[in-house]
Amino acid sequence: MAIRHHLIRVGPGAVWDVLADGHRYAEWVVGTAESHPVRGQWPRTGAAIRYEIRLGPLRLDNETVVRHCEEGSRLELEAHAGVLGTARIAIELRPWGEHCLVIVDEHPLRGAGGRLHNVGFEALIQLRHRTMLARLAKLCEAEARTPGSGRRRPLGQVTVGSEADGAGRA
């Protein structure tokens, strides 16, 4: 099992806000692009998001399903990776003073990933988690420094000059 932890210098609520936005999955999960919810209300149990994995010229559509959710503290996902099979990914958020300790636990469930799982594969997952958690931390910490950034918005939506921030008033 690949287990990794990372201290993010914001509260668990700020980290949960990012995890709970299915449009943002591709912003912090290594190897994914163009994520969007396809079923249910992310991150409720049974909800799913679809995303693309790009490996050079190869494009693979994959899906991740929420298997368990404890709002604000725990999210358990099943990632479907086509011929590679599926993996269980559990993300736990723990208050750590004024910060958030994020613990990720991933292991293969079915398919080739489970059959090929070995020490080398485990090392690759650890490297992926290190990068993924660093991305998540950077994203959460940057939003905490940016006033008004706690609003959820679709990926890529521009909000500059909207009336919500007071722009455009005489």
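# Worked exercises on a predicted model

Leu55, Leu58 and Leu60 make up a nonpolar patch on the surface, and together they offer about 260 Å² of accessible area. Keep in mind throughout that this is a predicted model.

## Exercise 1: Place a patch residue

**Task.** Find the strand that holds leucine 58, and decide whether leucine 58 is buried, partly exposed or exposed.

**Solution.**
- Step 1. Leucine 58 belongs to strand β4, which covers residues 58-70.
- Step 2. The relative accessibility of leucine 58 is 45%. Partly exposed covers the range between 20% and 50%, so leucine 58 counts as partly exposed.
- Step 3. Now return to the patch: leucine 58 shares it with Leu55 and Leu60.

## Exercise 2: Take in the whole fold

**Task.** Count the helices and strands of the protein, write down their pattern along the sequence, and find what percentage of the residues is buried.

**Solution.**
- Step 1. There are four helices and seven strands.
- Step 2. Along the sequence, they follow the pattern β-α-α-β-β-β-β-β-β-α-α.
- Step 3. The protein has 170 residues, and 41% of them are buried.
- Step 4. For the outside, the accessible surface comes to about 9,700 Å², with 56% of it belonging to carbon and sulfur atoms.
- Step 5. For contacts, take those between residues at least 6 apart in sequence: 45% of these join residues at least 24 apart.

## Exercise 3: Look for disulfides

**Task.** Find how many disulfides the structure has, and explain why cysteine 100 is not bonded to cysteine 140.

**Solution.**
- Step 1. Searching the whole structure gives zero disulfides.
- Step 2. For cysteine 100, the closest cysteine sulfur is in cysteine 140, at 7.9 Å. A disulfide needs the two sulfur atoms within 2.5 Å, so the sulfur of cysteine 100 is too far away for a bond.
- Step 3. Check the surroundings as well: cysteine 100 is buried at 0% relative accessibility, while cysteine 69 is partly exposed at 23%.

## Exercise 4: Follow the rings

**Task.** Classify the ring pair of tyrosine 25 and tryptophan 42, then classify that of tyrosine 25 and tyrosine 51.

**Solution.**
- Step 1. The structure contains three aromatic pairs.
- Step 2. In the pair of tyrosine 25 and tryptophan 42, the ring centres are 6.3 Å apart and the planes stand at 75°, so this pair is edge-to-face.
- Step 3. Tyrosine 25 sits in helix α2 (residues 25-28) and tryptophan 42 in the loop between β2 (32-39) and β3 (48-55), so the pair ties together parts 17 residues apart in sequence. Both residues are buried.
- Step 4. The rings of tyrosine 25 and tyrosine 51 have centres 5.3 Å apart and planes at 40°, so they form a tilted pair. This pair links helix α2, with tyrosine 25, to strand β3, with tyrosine 51, 26 residues apart.
- Step 5. Tyrosine 51 is buried at 5% relative accessibility, and tyrosine 25 is buried at 5% too.
- Step 6. Put the pieces together: ring pairs link Tyr25, Trp28, Trp42 and Tyr51 into a cluster.

## Exercise 5: Trace the salt bridges

**Task.** Count the salt bridges, and find which strands are tied together by the pair of glutamate 63 and arginine 39.

**Solution.**
- Step 1. Side chains of opposite charge can pair when their charged atoms come close. Here the count is 13 salt bridges.
- Step 2. Glutamate 63 and arginine 39 meet through their side chains at 3.0 Å, N to O. Glutamate 63 is in strand β4 and arginine 39 in strand β2, so the pair ties together parts 24 residues apart in sequence.
- Step 3. Glutamate 63 is buried at 13% relative accessibility, whereas arginine 39 is partly exposed at 39%.
- Step 4. Arginine 88 and aspartate 105 form another salt bridge, at 3.4 Å, N to O. Arginine 88 lies in strand β6 (residues 86-96) and aspartate 105 in strand β7 (residues 99-110), so this pair ties together parts 17 residues apart in sequence.
- Step 5. Arginine 74 and glutamate 76 also form a salt bridge, at 2.9 Å, N to O, and both are buried.
- Step 6. Salt bridges link Arg74, Glu76, Arg88, Glu92, Arg94 and Asp105 in a network.

## Exercise 6: Map the contacts of one residue

**Task.** Find where glutamate 78 lies, and list the residues that glutamate 78 touches beyond four places away in sequence.

**Solution.**
- Step 1. Glutamate 78 is part of strand β5 (residues 74-80).
- Step 2. With a relative accessible area of 6%, glutamate 78 is buried.
- Step 3. Leaving out residues up to four places away in sequence, glutamate 78 touches Glu63, Thr64, Val65, Arg67, Thr86, Ala87, Leu109 and Arg110.

Terms used:
Residues are numbered from 1 along each chain as its sequence is written. This is a predicted model: local features need pLDDT of at least 70, side-chain atom pairs count only at pLDDT 80 or more; totals for chains, interfaces and linings use all residues. Side-chain values use heavy atoms; hydrogens and water are left out. Buried means under 20% relative accessible area, exposed over 50%, partly exposed in between (1.4 Å probe, protein chains only). Helices (H or I, at least four residues) and strands (E, at least two) are DSSP runs, numbered from the N terminus. Contact means heavy atoms within 4.5 Å. Patches are made of residues with over 30% relative accessible area and no salt bridge: like charges are joined within 9 Å, nonpolar side chains (Val, Leu, Ile, Met, Phe, Trp, Tyr) within 5 Å. Accessible areas come from the Shrake-Rupley method with a 1.4 Å probe; for residues, only the protein chains shown count as cover. A salt bridge is a side-chain nitrogen of Lys or Arg within 4 Å of a carboxyl oxygen of Asp or Glu. Rings of Phe, Tyr and Trp (its six-membered ring) pair if their centres lie within 6.5 Å; planes under 30 degrees apart count as stacked, over 60 as edge-to-face and the rest as tilted.
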